[in-house]
Each structure stands twice: as structure tokens, then as C-alpha cells.
Amino acid sequence: MATRTLVGVCAGASILVLGQAATAQDHTHHMPAPAAASPAPHDMSSHDAMASDAAHAMPMTSPYGDWPMSRDASGTSWQPDAGDHGGVHAMRGDWMLMTHALLNVVYDRQSGPRGGDKTFVAGMLMTSARRDFDDGSTLNLRAMLSPDPLMGKSGYPLLLAAGETADGVTPLVDRQHPHDAFMELSASYSKRLSDKDSLYGYIGLPGEPAFGPPAFMHRMSAMDSPEAPITHHWLDSTHIVFGVTTLGWAHDRFKLETSAFKGREPDQHRWDIDAPRLDSWSVRGSWNPTDEWSFQASYAKVSAPEQLEPDEDETKWSASAIHTRRLGEAGWWSSTLAWGRKTNDHGESKDGWLLESAVHPNDRWTVFGRAERIETDELVPGVGGGHGPLYVVGKASVGAVRDWRIAPNVRFGLGALYAVNRVPQALEPLYGGDPDGGMVFVRLKID
């Protein structure tokens, strides 16, 4: 009951921000809107109205340091400065509030003996509250909710994907697990040391530690696709951990940060908040040499990540490069190349590679594609239900979405994607050759 109440409070706060800012123009780092000329809403004081106008006129900087907010992605990760930062903004006294949302209704069909079909709802609602102090420090509170638990504990069909469990007994194979209702409840505090230096601390229950590239639903090259990458557990599965603390130092375009966090993946109970624990650690270095590039390399020592194999620890490596460039006034093109490695206690390593790209030439169309290759031992259970033989499998997908702007901050979209999977000869009898799959979806985006 308390969990559902907290969901309602967070969602209600986000709706309040959206309602308050309904008459305000959207603004981003690249296209700041002028101060609103219309009268303030009747429920705002004159001080709040003046603060709201100031928020529209002021440049948007990160709550972690003196760089553009467009550089911030999920958790404390970076993307290129040339990326978009969208959201509905409003001021309440000394606090700046921001909300954005994405809701997908998807029909998914995967072919072959291991395939299936399902209609499900996925997405996220994120809201934050920020306060800047006279001494150059900033406090930022952030909440992110997801409707994923509504799809059921077994998630949706996704060939070659594996990870987590629906019932605490059987691993999910050829399915993508749902994310938890609480994707992030975090707080950060930063202190500007100079024009180029800042220190910050970040805590979350749940939150995201300093590991890997931005989570796929926050990467510009991936966020328009409703399909999770099969490299998810190599690159960014730690984007929801129940207990994380991060300390970071940023100097101009370079950042070094370290985290202590809970290594265990979320359990099958998607509506609750798991008990926190700090038994794992990570370190990440990030570098944005120009506005169009972002690089990161990271390492993590993860304690007992899998619920079904509690005695197995894991070492993880990750490296990625993201390139984003602007196309005209409103367009962009973003691409990500990423590699991840998981090594267990027995020294067995499995690599995963990802290359994805999305092109958004105007306000109406986005075209996206992805190619992946993983080494996995989770597709065929071993003796006693553990991991089995190691196989190299691959996947490629391409899709597009057409958007219609139905309000200043709201877009309605219709999209589809098609994917082909490649399995080795030994797996062809299980999968019926090289199976394919596809999705058709409608979406509502508030940004």
C-alpha cells in the first residue's frame, strides 16, 4: 500500500508540473524560448511568475557542474553536448521543476519455436526539482517511474535476450524483463570549485552507478526504439540498482567518478523497493573532447548480480563512443558504438558489441537501426538449471516513427521496426533457423 501511495505522489507531482507549465513554451539548450508574454497562471504568486520568466531566459546548465544540461544523460553519465535536452520546466519559489514522459503501447511478434506475441505498455515518467544556492552549490532531486510492471512479471518476447527472473525460480530466456515501477529516486549535491571544476555526490534508492554508457532508454541513438538491446546486461543493466552512492570530480570536459552500489539485480517483485546494500563498486572516466563526441571507459566489481546464482560474483568492463551532430535547426543524428565484457569467478569472459544509430531530420520523422553481437551461455540452461554452453549470436533491427505535434510540448507517434536474428548451427533446431521479429507501436511523448 505504501509503495502504491509513493507511486501516486511522484506521478501527481509530475502532473502538477505539466499542468503548471501548460501555458509555457518548451525550451532546450539549443533552442531557448523567450520569456513568456502571457499572464502568469492564477495559482502562482508574482514572485513565482518572475522566477518562471527568469528560468526561460537563463541558460540551462547541469546540476552537477558548469556545462550544458544537454550533456547529462541517465544517472550521472554523459552524452555529447550537441544532444537535445527536452522537458517541461516551471518555477516554484527557489525551485526549478522539470518533467518529461514517454509512453509506448506496443504489439510485439517474434517468430520461430521460441517466439511469441504480446501487446504491452512501456515507458517512463521523470520529474526533478532543483535548487541553486548563492555559494555555487546545487541540490537536485529526481524521480523516474515506469509502467513496465503492468506488462506482467515475464515481460515481453525478445529473441536472444536473457536475464533476471519472473518467479524467483526460472530464468527469463528469449524475453525482456520488465523494469521496476521505481526506476530512480535520487538526490545529488554539487559544489562549483572554479569556472572549470566541480565536485558532486549522488545517492539513489534506486539509482544508477558510474558504469557504462547512458542507459538505452536515455541514449539518443536508442530512445525512439521500443525494443531493448540484447546487450543490455553487458552495458547498462546497472541503471536500476537498489542502493548507490557516487562521488565525482569534473574538470571542464573530463570527469572521473566512483560508486558503491548493490550488485544484486532487481527481483521479480516489480512494484516494491528492494532492501539497499553497498557491496559492489565501480569507477568511470568520461571525456567530451568536442560538442559532438562523448567517450567513456568503466570498470565494476559486482557482488552476486544474479538472484538464481547468489554465489557467483562478476567483473565488468565497458567502453563506448557516442557521436551526435545537429541537422538544421531541429534535426540531429546520433550514433553509439559500445563494448562490454562480463567475467565470472572462474575467469570465463563473455563479450558484447553494439552499434546503433538514429536520424531525426525534422520534427516529424525518426529512423533508427541497431546491430549487436554477444557471447552468451544463458540461452540453453545447463545441468541443474545454471548457465549452459557458450554461443555467439547476433541481431540487427531497423525501424522508424512518425510524430505529430498535438500540443506545444506533446507529440503523438506511430512507428514500427523489423529485426533479424542470427544463431549458430547448433541452435537452429531450437530457433527454427534464423528467426525474425517485429513491433508496431504508438506513443505519447511529452518533452
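**View 1. Leu-160 sits in strand β5 of this predicted model**. Let us start with this leucine and its backbone. Phi of Leu-160 is near 75°, a positive value in a residue that is not glycine. Most residues other than glycine have a negative phi. Is Leu-160 buried or exposed? Leu-160 counts as buried because its relative accessibility is 2%, and the cut-off for buried is under 20%.

**View 2. The largest nonpolar core brings together 41 residues**. Leu-160 appears again here, as one of the residues with the most contacts inside this core, along with Tyr-156, Val-393, Leu-427 and Tyr-431. Which strand gives the most to the core? That is strand β5, residues 156-165, with 5 residues. A second core, separate from this one, has 12 residues, including Tyr-64, Trp-67, Tyr-202 and Phe-211.

**View 3. Here are the contacts of Tyr-156**. Leaving out residues up to four places away in sequence, what does Tyr-156 touch? Among its partners are Asp-108, Lys-118, Phe-120 and Met-151. Arg-175 and Gln-176 also touch Tyr-156, as do Pro-226, Glu-227 and Ala-228. Met-439 completes the list.

**View 4. Asp-174 has a positive phi in strand β6**. The strand covers residues 171-176, and phi of Asp-174 is about 60° although this residue is not a glycine. With a relative accessible area of 4%, Asp-174 is buried.

**View 5. A cis peptide bond links Leu-205 to Pro-206**. Omega of this bond is near 0°. Most peptide bonds are trans. Where does Pro-206 lie? Look in the loop between β8 (197-204) and α3 (232-235).

**View 6. Ten names to find on the surface: the nonpolar patch.** About 830 Å² of nonpolar surface is made by Leu-103, Val-105, Tyr-107, Trp-404, Ile-406, Phe-412, Leu-414, Val-440, Val-442 and Leu-444. Which strands each supply at least two residues of the patch? They are β2 (95-110), β17 (391-407), β18 (410-422) and β19 (436-446). Leu-103 belongs to strand β2. This leucine is partly exposed, because its relative accessible area is 37%, between the limits of 20% and 50%.

**View 7. Arg-411 is a buried arginine in strand β18**. Its relative accessible area is 6%. Which side chain makes a polar contact with the side chain of Arg-411? The partner is Asp-447, at 2.6 Å. Setting aside neighbours within four places in sequence, Arg-411 is in contact with Asp-447 and also with His-360, Asp-363, Asp-403, Trp-404, Arg-405, Arg-443, Leu-444 and Lys-445. Two of these names, Trp-404 and Leu-444, may be familiar from the nonpolar patch.

**View 8. Stepping back, the whole protein chain has 4 helices and 19 strands**. The chain has 447 residues, and 55% of them count as buried. How much area does the chain expose? About 18,000 Å² is exposed, with carbon and sulfur atoms supplying 62% of it. Among contacts with a separation of 6 or more, 62% are between residues 24 or more positions apart.

Notes:
Residues numbered from 1 in each chain as written. Predicted model: local features only at pLDDT ≥ 70, side-chain atom pairs only at ≥ 80, totals over all residues. Heavy atoms only, no water. Core = buried A, V, L, I, M, F, W, Y, C linked by side-chain atoms within 4.5 Å. Buried < 20%, exposed > 50% of the residue type's maximum accessible area, 1.4 Å probe, protein only. Contact = heavy atoms within 4.5 Å. Patch = residues over 30% accessible without salt bridge, like charges linked within 9 Å, V, L, I, M, F, W, Y side chains within 5 Å. Areas by Shrake-Rupley, 256 points an atom, 1.4 Å probe, with all protein chains shown as cover. Salt bridge = Lys/Arg side-chain N within 4 Å of Asp/Glu carboxyl O. Polar contact = N/O pair within 3.5 Å; in protein donor to acceptor, adjacent residues only side chain to side chain.
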